[in-house]
2 protein chains.
Amino acid sequence: MNLLLFSAKDRNENGQLQITGARLEHLLAVHGKDSGDTVRVGEINGGMGNATIISIDKTAAVLEPVLDQQAPAKLPLTLVVALPRPKMLRRILRSTAEFGVEELHLINSYRVEKSFWQTPVLQPEVIEQYLLQGLEQSRDTCLPAVHLHKRFKPFVEDELPVLVPGKQALLAHPGDYPRCPRGVAMPTLLFIGPEGGFIPYEIEKLESAGCQTVSLGPRILRVENAVTSLIGRLF
Amino acid sequence: MNLLLFSAKDRNENGQLQITGARLEHLLAVHGKDSGDTVRVGEINGGMGNATIISIDKTAAVLEPVLDQQAPAKLPLTLVVALPRPKMLRRILRSTAEFGVEELHLINSYRVEKSFWQTPVLQPEVIEQYLLQGLEQSRDTCLPAVHLHKRFKPFVEDELPVLVPGKQALLAHPGDYPRCPRGVAMPTLLFIGPEGGFIPYEIEKLESAGCQTVSLGPRILRVENAVTSLIGRLF
């Protein structure tokens, strides 16, 4: 945890932060913090800065925050990922927030197992929990927007026409396509398929909607590694 | 598993493959393979191709391999990572093999916890197991070399002078440094520090040994994400 995130409900009547639970344990156990020490803090979807520890014991810490910094800029990236298995989904959520992706769309695809849509990880409060872990890692306060689309065709036909304009739309797919571009400056929409890839019908639909199919090279990468290495390549 | 890997000991007297255990279960359960079906196979540190299933039941599968392809080229990358915690180490090992990194050096650093060197993950057969998972994912047969260096200073003073010549040596470190270059063609040596980063003394030693310090941008990334996004950026 490189940043202690808090929300309005952590403030007491004097505007100080009242920290308990897991964050308190982390302050005590990992950072070994004491009264008078400072901690990097950030308000969820707000500013960030430092806080001085006014008091700390096993039940609660009281911190006086000074929020004089802005969160780092987001990447101009809208990521669209075919819903992965829960274990991978957790990592994708964390990484989305960690790298500063603006928006994440989780979509259905022929090769997405139906059971994946039943995972508790997709509950809003669990999604938020993993996003917060990513923000704490990379010192950001702004939660990316996460949208779920349980049907592929309506997403492509009704939502994509709104998402594509003004963006470079790329579809990463194994095969003999041009390599993904590097160092783009413009807003980008990036599609990453499921394990086994999008099926030809899906590729066709996405290409008709304005996506350019690009290759990741000769290797088939795990979805999480495709996401992070493409982010490194693109930005 | 996108490639079934085997070694000489899996061959019977006719050169056919005798597959049992976890790989057999995977063929049956995940791929639902039957006699006459083909499977992509690769010989560890050898060629790859397809194999026809001669027979298969709950005890064993017999496959007839035809190895007519070469493994994909490795990246011209020597990765040097400060030994991470075991959970992350497993992912780094898998990703090293998956991306086709040529060599991995795990080194000590001031901020590497001593206990990390005690993990069973560092036993050669466990290292190999995770590397094989990476090769199976990206369809490669050649195991990257993995070297352990439990002392930082002897590594820098005695081993680095042999590793650096002919390579671009980069040290990824948070801070106000030039951004990591993109799309390099030349052999590259890439240093990734521990959580919390290398200490100033270590940075100095590495710079004296010919490393150029580069930044990953304004965000502090988890070690595994630093590795994969830098690979995407560099190659």
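**Entry 1: between the domains of chain A**

I began with polar contacts between domain 1 of chain A and domain 2 of chain A, and I found three residue pairs, both residues at pLDDT 80 or more. A polar contact here is a pair of N or O atoms within 3.5 Å; within protein, one must be able to donate a hydrogen and the other to accept it, and residues adjacent in sequence count only if both atoms are side-chain atoms. On the domain 1 side that touches domain 2 of chain A, strand β3 (residues 38-43) of chain A gives the largest share, three residues. Strands (E, at least two residues) and helices (H or I, at least four) are DSSP runs, numbered from the N terminus. By class, that side of domain 1 of chain A has three nonpolar, four polar and two charged residues. I used this split: Ala, Val, Leu, Ile, Met, Phe, Trp, Tyr, Cys and Pro are nonpolar, Asp, Glu, Lys and Arg are charged, and the others, Gly among them, are polar.

I kept in mind that this is a predicted model, where local features need pLDDT of at least 70, side-chain atom pairs count only at pLDDT 80 or more, and totals for chains, interfaces and linings use all residues. Side-chain values use heavy atoms, without hydrogens and water, residues are numbered from 1 along each chain as its sequence is written, and chains are lettered from A and ligands numbered from 1 in the order written.

**Entry 2: bounds and area**

I looked up the bounds next: domain 1 is 4-69 and domain 2 is 75-234 in chain A, from an automatic or database domain assignment. Their contact (heavy atoms within 4.5 Å) takes nine residues from domain 1 of chain A and eight from domain 2 of chain A. The two bury about 720 Å² between them, 65% of it on carbon and sulfur atoms. Buried area is the accessible area (1.4 Å probe) that two parts lose on being put together, summed over both.

I counted zero salt bridges between these domains, a salt bridge being a side-chain nitrogen of Lys or Arg within 4 Å of a carboxyl oxygen of Asp or Glu.

**Entry 3: chain A with chain B**

I then turned to the two chains, which bury about 2,500 Å² between them, 42% of it on carbon and sulfur atoms. In chain A, Arg219(A), Ile220(A) and Arg222(A) lose the most area to chain B, together 29% of what that side buries. I found four salt bridges between the chains; one pairs Arg219(A) with Asp140(B) at 2.9 Å, N to O.
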